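The questions below ask how particular labels are earned in a predicted model. Each answer sets a computed value beside the cut-off that decides it.

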Amino acid sequence: MTAHEIDYQIFGEEMQYVEIELDPQEGVIAEAGTFMMMQDGIQMETIFGDGSKNDTGLLNKIFGAGKRLLTGESMFMTVFYNNLIGKRKVSFASPYPGKIIPIDLNKNGGRFICQKDAFLCAAKGVSIGIEFSKKIGRGLFGGEGFIMQRLDGDGMSFVHAGGTTFTKELQVGEKLKVDTGCIIGFDHTVNYDIEFVGGIKNTLFGGEGVFFATLTGPGTVYIQSLPFSRLAKRVWASAPQGGGKDKGEGSILGGIGDLLDGDNRF
């Protein structure tokens, strides 16, 4: 497998985007809805599957698209080609506040495991599939992290994370315990499993879930401080329910405060 060699630059701090520079006939694949802008001369094509060399043939394409459905993604992906003589640029944006992380698969043993919604874009030729769990515990109790995406190839890939990112190089046998939703991804040499928190009080009143993930080295792991699911839960909890008004953001004035600040909606 030989992916296209692409150059890139990441811009921004909290709401980042990555700018990909394409030489003539080079291409980049991206998730639907991540496109930001592109220069004239770049052709956009929607494809079935990920367009990698190993999904040629109708059955392979259907199988590849089916694997993407299991990870909660669309069956289709978008490819952007540079069909002109000179270099052209195309940009992709992170869907929520956080960081974009470049992953060079050529330096990662040709494989990287990441959360099912972490993939942003990659050089044409990289295969995006599913990492099936071999242990029943992961499947039953893994929560957000039990279905992982697998990136295979030898090109550049980009994943996005929420909040602040933490990177750690685990030594052989070194273990890190993580909330399942806080995992961005890890090298394929890292062993991933699910562990019971333990203790009846922790289980009933801890508020952190019954299980957490254990990542055991060797290899590099990437952790995010604000998973999108956690952000969405906080937004949903603070939003008006059943057509009612907001919660006053904790103010003891509540509805009186709304009157004072001019919010007289019903």
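**Labels and their grounds**

Q: Why is Glu174 called partly exposed?
A: Partly exposed covers what lies between buried, under 20% relative accessible area, and exposed, over 50%. Glu174 has a relative accessibility of 27% and therefore counts as partly exposed.

Q: What makes the meeting of the Lys168 and Glu174 side chains a salt bridge?
A: The rule asks for a side-chain nitrogen of Lys or Arg within 4 Å of a carboxyl oxygen of Asp or Glu. Between Lys168 and Glu174 the N to O distance is 3.3 Å, so the pair satisfies that limit. Lys168, at 25% relative accessibility, is itself partly exposed. By this rule the count comes to 6 salt bridges.

Q: Why are Glu21, Asp23 and Lys87 described as a network of salt bridges?
A: Lys87 meets Glu21 at 3.7 Å, N to O, and Lys87 also meets Asp23 at 3.9 Å, N to O. Both values fall within the 4 Å limit, so each pair counts as a salt bridge. Through these pairs Glu21, Asp23 and Lys87 are linked in a network.

Q: How do you know which parts of the chain the pair Lys87 and Asp23 ties together?
A: Lys87 lies in the loop between S6 and S7, whereas Asp23 lies in the loop between S2 and strand S3 (27-30), so the salt bridge joins parts that are 64 residues apart in sequence. For the partner Glu21, which belongs to strand S2 (residues 17-22), the separation from Lys87 is 66 residues.

Q: Are Lys87, Glu21 and Asp23 buried or partly exposed, and why?
A: The buried class requires a value under 20% and the exposed class a value over 50%. Lys87 is at 46%, Glu21 at 21% and Asp23 at 23%, so each of these residues is partly exposed.

Q: What makes Ile20 stand out in the largest nonpolar core?
A: This core has 37 residues, and Ile20 is, with Phe92, Leu151 and Phe158, among those that touch the most other members. The largest share of the core, 5 residues, comes from S10. Leaving aside neighbours within four places in sequence, the contacts of Ile20 include Ile6, Val28, Val90, Phe92 and Phe158.

Q: Why is Asp117 called partly exposed?
A: Asp117 is at 35% relative accessibility, between the 20% and 50% cut-offs, and so counts as partly exposed. Its place is in the loop between strand S9 (111-115) and strand S10 (119-123).

Notes
Residues numbered from 1 in each chain as written. Predicted model: local features only at pLDDT ≥ 70, side-chain atom pairs only at ≥ 80, totals over all residues. Heavy atoms only, no water. Helix = DSSP H or I, 4+ residues; strand = E, 2+ residues; numbered from the N terminus. Buried < 20%, exposed > 50% of the residue type's maximum accessible area, 1.4 Å probe, protein only. Core = buried A, V, L, I, M, F, W, Y, C linked by side-chain atoms within 4.5 Å. Contact = heavy atoms within 4.5 Å.
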